[in-house]
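Please walk me through this structure in prose, going from its charged pairs to its helices and its surface.

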Amino acid sequence: MHRPRRRPFLSCVGRLGLAGCLLLFTGLIRAGIADAPGTALEVSLITYGPGETYWERFGHDAIELRDRMSGEAVNFNYGVFDFDESGFLLNFARGRMTYRMDAVPSDEDIAYYRDEGRSVLRQRLALDAAQAAGLRDFLLWNLRPENARYAYDYFTDNCTTRVRDALDRALGGALHRALAARPGGPTYRQQTDRLMRAQPALMLLLDLGLGPYADRPLDAWQASFLPQVLAEQLRAIALPGPSGAPMALVRAETSLAAGRIAAADEPPDLRPPLALAGLALAALLLLARRRWPTGFAVLATLYLLAAGIVGVLLLALWTLTAHRAAWANANILLFSPLALALLATPWRVRRGLAPTGLAQTALTLQLVAALIAVLLHLLPGPGQQNQPWLLFALPCWLALAWLTRRPAAVAAGGIGE
């Protein structure tokens, strides 16, 4: 019996659950894939394009094994998890997600994604008989219930990296040797922003939560954590053939469906919009302080509350979870829990009172932290690419520091409600 499941962002999930494994061994694969000689096996990579909802934006893929004698074809994928599993939400928040492998009849799997309006690409691969048989044996072993589960990681151990690794295993490591020697192009952050561009709010939240790990340079092996990138990488690979001459790994390529959703070609440049947003918020704080002190207090309190909550969440992601991509996030210097110590300050300023000693200390520490964030960004090396958030936060903090340093002097200017 299949249990209902949902798919989180940055995941690629198949359609059947653990029962699919049982069906595979008890009825689905009898005298076809499991018993076919390597000479009869045809191996393909099936790549599914992005979908409409946020958890489908990164695409999905599967290894298709086809027995040319019986006609049986099965898709093996590594993207299934159970939303109703005990403790799923807590484990998801802590970054300790368990996924599992699954197998589905190829025609059924492809029809599902075609009906969802997602593109489907089949790349037939040039594996010899021994490699195809070895891949089949590994996939069937991996499909056993005791072997099917694995600890999921968004970037380094997901449904695509598992497909890539299975192919590399069958090829004796040749795939890794070819890809690890090539530059990988965009970083984890850039790929995330590119694919989530259609959901701006979620894209900004993900970008804010990613630390320096997401900005490290990648080789082509690491960059192939995405289904479509892996498909592109395979097109450019040539391996020694039976005669020793180079032979393209992709023997034939067929588009089985054109998707309704197209991923953006490039990530957005977040610097201009966030810089303008920071300057606009700072200007609004300055204007409200002079024309509408109560409005200033409300607006400043909302900013401080949001900054403090973000700081607490970033700190929790770093210290309490296994979300490696969120560790050591320099944005915690821009949006820190110190902001919560300043919540009463805008209301004291509205009444013409000086900030408390605690608030003055917290504001000083926050400004120093922001300065450290700037200096870290200026250090040589890739570092953390958080310029957009620097450009947003600095004007806001400078405006708040200016408006709260001498409230009595501001009030003396004759500004009232």
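How many salt bridges does the count come to? The model is a predicted one, and in it the count comes to 12 salt bridges.

One of these pairs is formed by R118 and E56, whose closest N and O atoms are 3.8 Å apart. R118 belongs to the loop between α3 and β5, whereas E56 belongs to the loop between β1 and β2, so this salt bridge ties together parts of the chain that are 62 residues apart in sequence. Both partners, R118 and E56, are buried.

A second pair joins the side chains of E253 and R235, with 2.9 Å from N to O. Here strand β9 supplies E253 and helix α10, which covers residues 227-235, supplies R235, so the pair ties together parts that are 18 residues apart in sequence. E253 is partly exposed, with a relative accessible area of 38%, and R235 also counts as partly exposed, at 42% relative accessibility. Salt bridges can also share partners, and in this way E64, R66 and R122 are joined into one network. Within that network, the side chains of E64 and R66 meet at 3.1 Å, N to O, and E64 is buried, with a relative accessible area of 0%.

An acidic residue can also be found without such a partner. D193, in helix α7 (residues 188-195), is buried yet has no salt bridge, and the nearest side chain of opposite charge, that of R189, is 5.7 Å away. Because a salt bridge here requires a side-chain nitrogen of Lys or Arg within 4 Å of a carboxyl oxygen of Asp or Glu, the distance of 5.7 Å to R189 does not qualify. Once the neighbours within four places in sequence are left aside, the residues in contact with D193 are M203, D207, P267, P268 and L270.

The next step is the helix that precedes R118. Which residues of helix α3 are buried? In α3, which spans residues 106-115, they are S106, D109, I110 and Y113. Viewed down the helix axis, these buried residues fall within an arc of 95°, so they line one face of α3. The general background is that an α-helix has 3.6 residues a turn, so residues three or four places apart point the same way. On the face of α3 turned away from the buried side are the exposed residues D107 and D115.

What do the buried residues of α3 pack against? Their partners are the strands β1 (41-48), β2 (60-67), β3 (73-80), β4 (97-105), β5 (120-125) and β9 (250-257). Y113, whose place is in α3, is buried with a relative accessible area of 0%. The C-alpha atom of Y113 is separated by 8.8 Å from that of A257, although the two residues are 144 residues apart along the chain. Just after α3, G117 takes a positive phi of about 80°.

A positive phi is also found at a residue that is not a glycine, namely A328, where the value is about 55°. Most residues other than glycine have a negative phi. A328 is placed in the loop between α12 and α13 (345-350), and it is partly exposed, with a relative accessible area of 37%.

Helix α12, which covers residues 293-320, also holds V312, and this residue leads to the surface. V312 is partly exposed, with a relative accessible area of 40%, and together with L305, I309, L313 and L340 it makes a nonpolar surface patch of about 400 Å². The protein as a whole exposes about 18,700 Å², of which carbon and sulfur atoms supply 62%.

These details can now be set within the whole chain. The secondary structure comes to 16 helices and nine strands, and 51% of the 417 residues count as buried. Among the contacts between residues at least 6 apart in sequence, 78% join residues at least 24 apart. The pair R118 and E56 offers an example of a link between parts of the chain that are separated in sequence, because its two loops are 62 residues apart.

Notes: Residues are numbered from 1 along each chain as its sequence is written. This is a predicted model: local features need pLDDT of at least 70, side-chain atom pairs count only at pLDDT 80 or more; totals for chains, interfaces and linings use all residues. Side-chain values use heavy atoms; hydrogens and water are left out. Patches are made of residues with over 30% relative accessible area and no salt bridge: like charges are joined within 9 Å, nonpolar side chains (Val, Leu, Ile, Met, Phe, Trp, Tyr) within 5 Å. Accessible areas come from the Shrake-Rupley method with a 1.4 Å probe; for residues, only the protein chains shown count as cover. Helices (H or I, at least four residues) and strands (E, at least two) are DSSP runs, numbered from the N terminus. Buried means under 20% relative accessible area, exposed over 50%, partly exposed in between (1.4 Å probe, protein chains only). Lys and Arg count as positive and Asp and Glu as negative; His and the chain ends are not counted. Contact means heavy atoms within 4.5 Å. The arc is that of the directions from the helix axis to the C-beta atoms.
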